Amino acid sequence: MSQISISIYRYNPEQDSKPRMQSLEVEVSGDRDLMVLDVLELAKAKDPSITYRRSCREGVCGSDGMNINGVNGLACITPLSKAAGPARKLVLRPLPGLPVIRDLVVDLSQFYEQFEKIKPWLINDEPPPAIERLQSPEEREKLDGLYECILCACCTTSCPSFWWNPDKFIGPAGLLQSYRFLADSRDEATAERLAELDDPFSVFRCRGIMNCVSVCPKGLNPTRAIGKIRNMLVEQGT
Amino acid sequence: MSGFRQISFDAIIVGGGGAGMRAALQLSQSGFRTAVLSKVFPTRSHTVSAQGGITCAIASADPEDDWRWHMYDTVKGSDYIGDQDAIEYMCMEGPQTVYELEHMGLPFSRTANGRIYQRPFGGQSKNFGKGGQAARTCAAADRTGHALLHALYQGNLKNDTVFLNEWYVIDLVVNRDGAVSGVTAINIEDGEVCFVAAAAIVLATGGAGRIYASTTNALINTGDGVAMCLRAGFPAQDMEMWQFHPTGIHGAGTLVTEGCRGEGGYLINRDGERFMERYAPNAKDLAGRDVVARAMVLEVLEGRGCGEQGDHVMLKLDHLGADVLNSKLPGILELSRTFAHVDPIREPIPVVPTCHYMMGGIPTNIHGQALTRNEAGEDVAVPGLFAAGEAACVSVHGANRLGGNSLLDLVVFGRAAGKHIDELLRQGMQARQAASEDVDRALSRLRRLDTSSEGENTAALREELQSIMQLHFGVFRTGEFMREGIAKLEALKPRIENSHLADKSATFNTARIEALELENLFAVAEATAIAAEGRDESRGAHARDDFRERDDDNWLFHSLYFPEKRKIGKRVVNFRPNVVDTFQPKARTY
Amino acid sequence: MVTNATSLGRSGLFDWLVQRFSALVLLAWIAWVSIGVIAAAEFGYPQWRALFAAVPMQIFSLIAVLSLCAHAWVGVWTVTTDYLNEAHLGKAGTAIRLLTQIACLLLTLSCLIWGARIFWGSG
């Protein structure tokens, strides 16, 4: 057994006039490298009022995105050893840039609104064939690195452009999904999709800071997808 | 209790996973006011964790493939207590349902000629078991559940389904005629309690794997729908049938898809022996999951387990080569590196059988209507109540589910429930009236928690429940040991019923939700325990040391657990498919 | 609420292309002047005057000043819409941004006219 010190961002609007950091010591067993979520669960067993979202606990549902020692990530697949370092100290805060509902739970409405803006569904008005629409493995390969997004919001909430214009800049997650449909050989709405992106904010607020790439827990590259959208806009617009 | 708001819809779906969203999509497309109430944002539902694929005979890998072969495999896999009318419906409707998903945008992997890629999975055969291994599982790499769930969410967004996300349903509102008129629910974000009324209520709340200490299931799989039915006095079917997936990562419980073995991986013991050759000479590592899981446990018990404790076996993949692993099983590489600290390209993955799937659930017909028993002992539909997916027991999985059949079950029966409700609504089905005391009753457990002043807290009680289930109702079971488990559950019951909620705040109170979930876990665990003790035979996933043989004379039946009597009865299995001839029970070997 | 009314082309693509294209012009102009300066055996005010006396150079320079102004305007517009808004400054945000933008616009226009006078004027 060993001790881990955690500092957790606490805010309950019914009790607190402003947020505070709570310090906690948690006993962890030494035989396995725990994930940050495991430590949080231990902390919650001690103090059930600690609040965060979680579901799959294996990095595929995207519930437990949070700011771990200054870096956005998923608590369930961030090993304690990597997050806390040799100092064995964990600092947990909510994802930055969005309103906090309680403790580590943020209001993701703006994030979802930006996602919905890009019409995240396949558009193809041709009557479908009796079987599946055919797609070559090469065409399908273009969707790799795009469709895997889990909407955890780690990227978008680490993006200064999104912090400054959350109502207008679609943000890395939404744009990655936008390109997922632009790149799909089965989608027929390329021109309409591009027309809706051609304002000074939706795409062009990306300044290539690449925080999104460095934090994505699935190793995806939104900046590259945004570059590809820009190239498509250039091709269509000139 | 007064002061709650009432909201009304044509139909409400409880649960935003694959089954729920498929049902919602069907109804929204028809223009009915449909709401999905989900305790998590829909794409965080457990369907997202499904890896290997969705099994159905689309005849891509093999142009000769036939849904009847798929049906044969499924009936055999179920150890003959799957309902053959339902299995027939699922296998026959499957291809159309999968094509619809593809048209919706699901990014399936592809073959060279542009069709959907299919991989071999356990228990699959050609030509009614006589033509060797089939490849029938349609896959989007090893992220099929994720791709499917997101495609369904996208389809629902397109069709303007109303989403009440992060709403937790507390109980069914049942009126004096025994009809379901809605649900009571709490908006997690602000704590507001509502009565949500509708003509049709679909329970698509998924499984309850969290009754076990070691499970591949998400933390949210707490059996809410099944428990709501039990509290309302409706029966649950085949609750003793729990699938232990052969390959959960040792220590972490994370799932490693059967697709690994489908792509050519195999299990080895401490001597490096491919032991499945001894247990299933034909299908080897692709035998039914119950067969493989038992073989693994026997290897460990007989001292051939791996590791210092000798408590697991290994899944070997390295011989497949980096290219195959990177293109076909990228998610598995990621999970193994994260949770097992091994790189499957070079070394085998430590695995153990881990609780994975609830074959039982709310009994339904193929239209998704929830069934109960009348006084004459006949099946009758509960007015207003429907169920689909893992929460339901229609029953296509019987005593053991085949890999890849769960995603198919979700979409086929989610769609079927949607279609049937569509028809009923067109015929003028209305929401049933509820009196205020009916709503009150459905709020009683919330009220109890909110006024509790002493008692134990949730986390410790939950842990105790999970270890009882793990110990007494695992892969191998014996009567005496199960009765001991039942006694422990009985002792635990009042402690859970009197648990204490210290934090009573309204805003995003997850402690309150977890306390409500614990009661649901307990209800499911109790049904499981009593049904398991009652079925004195071995069949499918239910393996008893004291009754090692399958007993078709007495137990070619579903078990039906009645919550008020805390007893099980029998329900006949359907052996009357509409198109094909009945598959008669045979000895089940792989 | 930040709107697009004051952006240069009202199209993200147009503004983006203007900024890239103007940057290329400025790069070419700086390179051209630098070569002129470095290549001269002896360099002083007369040589500097002579460099700009040729009509092609005068046209090029005017294009460079235009590019500088466009480049600056797109940049300033972006920065003001990032930071000078209601999220950062409260209700006065829009007014402050508009005033800042007008001031910057006037300054840019002044620079443009001044530049034109230097290259084409009586001087």
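**Exercise 1. A four-stranded sheet**

Determine the strand order of the open sheet that holds strand 11 of chain B, and find what lies across it.

*Solution.*
Step 1. In this predicted model, four strands of chain B make an open sheet in the order 11-14-13-12. The pairing is antiparallel.
Step 2. Look for strands that pair on one side only. These edge strands are strand 11 (242-249) and strand 12 (266-268) of chain B.
Step 3. From one strand to the next, the twist averages 50°.
Step 4. Check one pairing. Strands 12 and 13 of chain B are joined in the antiparallel sense over 3 bridges, strand 13 covering residues 313-316. B:Tyr266 has B:Lys316 as its bridge partner in strand 13 of chain B.
Step 5. Add the helix. Helix 8 (residues 289-301) of chain B lies across strands 11, 12, 13 and 14 of chain B. It runs at about 60° to strand 11 of chain B.

**Exercise 2. A three-stranded sheet**

Work out which strands form the edges of the sheet with order 10-21-22 in chain B.

*Solution.*
Step 1. This open sheet has 3 strands with antiparallel pairing.
Step 2. Strand 10 (236-237) and strand 22 (567-572) of chain B each pair on one side only, and are the edge strands.
Step 3. Follow one edge inward. Strand 10 of chain B pairs with strand 21 (residues 557-562) of chain B over 2 bridges, in the antiparallel sense.
Step 4. Locate a residue pair. B:Ala236 stands opposite B:Tyr561 of strand 21 in chain B.

**Exercise 3. An enclosed helix**

Explain why helix 2 of chain B counts as largely enclosed, and list what packs against its buried residues.

*Solution.*
Step 1. Count the buried residues. In helix 2 (residues 67-77) of chain B, 10 of the 11 residues are buried, so the helix is largely enclosed by the rest of the structure.
Step 2. Name some. Among them are B:Trp67, B:Trp69, B:His70, B:Asp73 and B:Lys76.
Step 3. List the partners. The buried residues of helix 2 of chain B pack against strand 3 (54-55), helix 3 (84-104), strand 4 (118-125), strand 5 (133-138) and helix 11 (405-426) of chain B.

**Exercise 4. Two buried residues**

Classify B:Val439 and A:Ser55 as buried or exposed, then find their contacts.

*Solution.*
Step 1. Place B:Val439. It lies in helix 12 (residues 436-441) of chain B.
Step 2. Apply the cut-off. B:Val439 has a relative accessible area of 3%, so it is buried, since buried means under 20%.
Step 3. Look beyond residues up to four places away in sequence. B:Val439 touches B:Phe4, B:Val173, B:Thr184 and B:Phe195. B:Val439 and B:Val173 are 266 residues apart in sequence, yet 5.6 Å apart in space, C-alpha to C-alpha.
Step 4. Place A:Ser55. It sits in the loop between helix 1 (36-46) and strand 3 (65-68) of chain A. A:Ser55 is buried because its relative accessible area is 2%.
Step 5. Leave aside neighbours within four places in sequence. A:Ser55 is then in contact with A:Cys61 and A:Ser63, and with B:Arg44, B:Ala218, B:Leu219 and B:Ile220.
Step 6. Widen to whole chains. Chains A and B share the most contacts of the 2 pairs of chains in contact. Chains B and C have no contact; their closest C-alpha atoms lie 24 Å apart.

**Exercise 5. Salt bridges**

Trace salt bridges that link distant parts of chain B.

*Solution.*
Step 1. Start with the total. There are 71 salt bridges over all chains.
Step 2. Take B:Lys39 and B:Glu517. Their side chains meet at 2.7 Å, N to O. B:Lys39 is in the loop between strand 2 (34-38) and strand 3 of chain B, and B:Glu517 is in helix 16 (residues 510-534) of chain B, 478 residues apart. Both are buried.
Step 3. Take B:Arg512 and B:Asp450, a salt bridge at 3.0 Å, N to O. B:Arg512 lies in helix 16 and B:Asp450 in helix 13 (residues 444-450) of chain B, 62 residues apart. B:Arg512 counts as buried at 6% relative accessibility, whereas B:Asp450 is partly exposed at 26%.
Step 4. Look for shared partners. One network of salt bridges includes B:Asp79, B:Asp290, B:Arg294, B:Arg535 and B:Arg588.

**Exercise 6. A surface patch**

Identify the nonpolar patch that contains C:Leu105.

*Solution.*
Step 1. C:Leu105 is in helix 5 (residues 93-120) of chain C. It is partly exposed, at 39% relative accessibility.
Step 2. The patch consists of C:Leu98, C:Leu99, C:Ile102, C:Leu105, C:Leu106 and C:Leu109. Together they have about 560 Å² of accessible area.

Terms used. Residues are numbered from 1 along each chain as its sequence is written. Chains are lettered from A and ligands numbered from 1 in the order in which they are written. This is a predicted model: local features need pLDDT of at least 70, side-chain atom pairs count only at pLDDT 80 or more; totals for chains, interfaces and linings use all residues. Side-chain values use heavy atoms; hydrogens and water are left out. Buried means under 20% relative accessible area, exposed over 50%, partly exposed in between (1.4 Å probe, protein chains only). Contact means heavy atoms within 4.5 Å. Two strands pair if DSSP finds at least two bridges between them. Axes are lines fitted to C-alpha atoms, for helices over the stretch in contact, and angles run from 0 to 180 degrees between N-to-C directions. Patches are made of residues with over 30% relative accessible area and no salt bridge: like charges are joined within 9 Å, nonpolar side chains (Val, Leu, Ile, Met, Phe, Trp, Tyr) within 5 Å. Accessible areas come from the Shrake-Rupley method with a 1.4 Å probe; for residues, only the protein chains shown count as cover. A salt bridge is a side-chain nitrogen of Lys or Arg within 4 Å of a carboxyl oxygen of Asp or Glu.
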